[in-house]
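Here are my comments on the model you sent, set out as numbered points. Please read them with the structure open beside you.

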Amino acid sequence: GVLIACPMSSYLEQELDKRFNLFRMWNIPQKNDFFKENSGSIRAVVGNASAGADRELIDSLPALEIVSSFSVGLDKVDLGYCKEKGIRVTNTPDVLTEDVADLAIGLILATLRGICECDRYVRSGLWKKGNFKLTTKFSGKRVGIIGLGRIGAAIAKRAEAFNCSISYYSRSEKPESKYKYFPSVVELASNCDILIVACALTEETRHIINREVIDALGPKGYVINIGRGPHVDEPELVSALVEGRLAGAGLDVFEHEPHVPEELFGLDNVVLLPHVGSGTVETRNAMADLVVGNLEAHFSKKPLLTPVV
Ligand code: 8YV
């Protein structure tokens with residue numbers, strides 16, 4: 001049996017249904033009874049960015065062999081505990097890199113050029129009463145990227161085409177990279193106009209955007225987050241935006257999503273997206289194929305396609 005943690009892709013469910021006895025967690029009213037009856041037969045969990053496999057779920061599934069996540073980020077999977085228990089873990093890297101990097105650029109342009117605000121302006125008939133205010137140029141700006149992994153590097157490549165100078169922060173300098181390295185996020189923030197979060201969420205990167213970083217970025221600076229909500233100290237970001245200590249923000253993720261702080265709803269210098277970085281038909285289907293491919297490889301004792309643990 002395979003347990004899927006929450007609805008994530010109908011194509012994925014269809015492909016899992018073809019191959020396995022699929023249990024949909026959200027369709028189970030009496031969780032205790034269900035686990036008593038079926039926990040011995042569930043050998044795999046499929047999770048995603050919002051529901052993974054924590055210690056509690058792992059402990060209630062004694063036959064669990066593999067967690068195949070429909071995401072590249074694995075912050076909702078207890079990796080250490082999986083390792084300890086010999087449970088394999090896979091994710092969906094590479095196939096979503098382009099989409100997430102594309103969306104990061106989209107968020108930058110939407111935020112600096114006021115694209116969403118422009119659209120609201122036209123729809124509400126305001127164009128007939130005057131011209132839209134001037135906005136901020138993106139080309140040539142200094143872009144700072146936190147995390148120069150697959151996604152960070154793909155964002156950098158795109159920003160290069162906009163004649164941006166690019167610098168980055170990561171745990172260690174990447175000697176093969178042509179971009180400028182800063183050994184701290186505060187130094188990176190002090191030396192860029194647009195600060196982009198593109199790293200994994202871990203204990204070390206939680207609240208990596210804090211008050212000090214926001215102050216270093218300053219009132220002409222922008223924050224773009226396509227990583228995870230908890231990368232940002234959200235109340236600090238909100239007050240900086242409300243008080244004008246930051247020029248704007250483009251956010252695809254939130255600390256307590258789908259809850260979004262209502263103070264942001266009235267601000268025109270922020271663009272708010274519902275965690276759609278990888279959300280294209282092409283990419284979500286490729287992610288689903290990887291989830292299924294990893295499970296098939298595991299159950300036929302072949303090497304996993306994208307193993308993490
Ligand atoms: C989510 C993501 O998985 O890959 C990630 O880490 O955050 C997204 O691709 C998405 O919510 C799919 O359910």
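**Notes on the predicted model**

1. I begin with a sheet that is easy to trace: five strands make an open sheet in which the pairing is parallel, and their order is β2-β1-β3-β4-β5. The edge positions are held by β2 (22-24) and β5 (88-90), and because each has a single partner strand, one side of each is left without a neighbour in the sheet. From one strand to the next the twist averages 20°. Please keep in mind throughout that this is a predicted model.

2. Within this sheet, strand β1 (residues 2-4) and strand β3 (residues 44-47) run parallel and are joined by three bridges. If you wish to check the register by eye, L3 is the residue to pick, since it stands opposite V45 in β3.

3. Another open sheet, again with parallel pairing, is built from seven strands in the order β8-β7-β6-β9-β10-β11-β12. Here β8 (180-181) and β12 (270-272) stand at the edges, and each has a single partner strand, so one side of each lacks a neighbour in the sheet. The pairing of β12 with strand β11 (residues 248-251) is parallel and extends over three bridges, and G250 has V271 in β12 as its bridge partner.

4. Helix α5 (residues 97-113) lies across part of that sheet, namely β9 (194-197), β10 (222-225), β11 and β12, and runs at about 145° to β11. Over the chain, the secondary structure amounts to eleven helices and twelve strands.

5. The domain assignment divides the chain into domain 1 (2-93 + 280-299) and domain 2 (97-272), so that domain 1 is given in two segments. The centres of the two domains, taken over C-alpha atoms, are separated by 32 Å. Five residues from domain 1 and five residues from domain 2 make up the contact, and the domain 1 side of it consists of one nonpolar, three polar and one charged residues.

6. Which residues are found around the ligand? They are M8, N48, A49, F70, S71, V72, G73, L96, H275 and S278. By class, this shell has five nonpolar and five polar residues, with no charged residue.

7. As for overall dimensions, the C-alpha trace spans about 65 × 50 × 30 Å along its principal axes. The radius of gyration of the chain is 21 Å, which agrees with the value near 19 Å that a compact globule of 309 residues would have.

Terms used: Residues are numbered from 1 along each chain as its sequence is written. This is a predicted model: local features need pLDDT of at least 70, side-chain atom pairs count only at pLDDT 80 or more; totals for chains, interfaces and linings use all residues. Domain bounds come from an automatic or database domain assignment. Two residues are in contact if their C-beta atoms, placed from the backbone, lie within 7 Å. Ala, Val, Leu, Ile, Met, Phe, Trp, Tyr, Cys and Pro count as nonpolar, Asp, Glu, Lys and Arg as charged, and the others, Gly among them, as polar. Two strands pair if DSSP finds at least two bridges between them. Helices (H or I, at least four residues) and strands (E, at least two) are DSSP runs, numbered from the N terminus. Axes are lines fitted to C-alpha atoms, for helices over the stretch in contact, and angles run from 0 to 180 degrees between N-to-C directions. A residue is near a molecule or strand if its C-beta atom, placed from the backbone, lies within 6 Å of it. The radius of gyration is taken over C-alpha atoms; the globule rule is 2.2 Å times the number of residues to the power 0.38.
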